[in-house]
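Biologist: Hello! Could you walk me through this model, one question at a time?

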Amino acid sequence: MIFVTVGTQLPFPRLIDAMDRLAGRINEPILAQTGVACSAKNLIVEPVMSEERYRHVLGISRLVVSHAGIGTVIAARDAEKPLILVPRRAELGEHRNDHQIGTVRELVGRQGVKAVWDTDELAELVTQELPPPVAASGPALDGLVSRLRNFIG
């Protein structure tokens, strides 16, 4: 199963619409946490998930496709799930600024993390078997991850 998540703060119709079109062409279920109700034709949609449900879905998924939210990045890494990041773009009204583009640029190239700048690129990537991410470690990174986890809740 492919898990699509857009976080809980803002809708992300560009990603949801692209994955809905793709779900109609592949033989694998796609569950999407959409943040808001939407009328997808081919996706299994859950607008909001409890933390327990989110962790369960993440755990049983083969692949995660997501906005470039750091909470999702950390959760996918901890669950050892390959991650395709689609950054929200301010010019399209998807966010207040382009910080997600910066996040993706920092993470792209790491094992288990792929970037999609144009949603037309999703079809090729979601059908591939991608390796799981490799957790980086070290005192500075471990401290940052700990602080982010505490901040996120």
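**A guided look inside and out**

Biologist: Which residues of helix α3 are buried?

Modeller: This is a predicted model, where local features need pLDDT of at least 70, side-chain atom pairs count only at pLDDT 80 or more, and totals for chains, interfaces and linings use all residues. Residues are numbered from 1 along each chain, and side-chain values use heavy atoms, without hydrogens and water. Helices (DSSP runs of H or I, at least four residues) and strands (E, at least two) are numbered from the N terminus. With buried meaning under 20% relative accessible area, exposed over 50% and partly exposed in between (1.4 Å probe, protein chains only), the buried residues of α3 (70-78) are Thr-72, Val-73, Ile-74, Ala-75, Ala-76 and Arg-77.

Biologist: Which element gives the most residues to the largest nonpolar core?

Modeller: A nonpolar core is a set of buried Ala, Val, Leu, Ile, Met, Phe, Trp, Tyr and Cys residues joined through side-chain atoms within 4.5 Å. The largest has 22 residues, and Leu-15, Met-19 and Ile-84 are among those touching the most other members. Elements giving two or more residues include β1 (2-5), β4 (63-66) and α5 (122-126). The top contributor, with 6 residues, is α1.

Biologist: How many residues are in the second, separate core?

Modeller: Its members include Met-49, Tyr-54, Val-64 and Ala-115. Val-64 is also one of the residues in contact (heavy atoms within 4.5 Å) with Ile-84. The size of this second core is 17 residues.

Biologist: Is Phe-151 buried or exposed?

Modeller: Phe-151 is found in helix α6 (residues 139-152). Because its relative accessible area is 74%, Phe-151 counts as exposed.

Terms used: Lists of a residue's contacts leave out its neighbours within four places in sequence.
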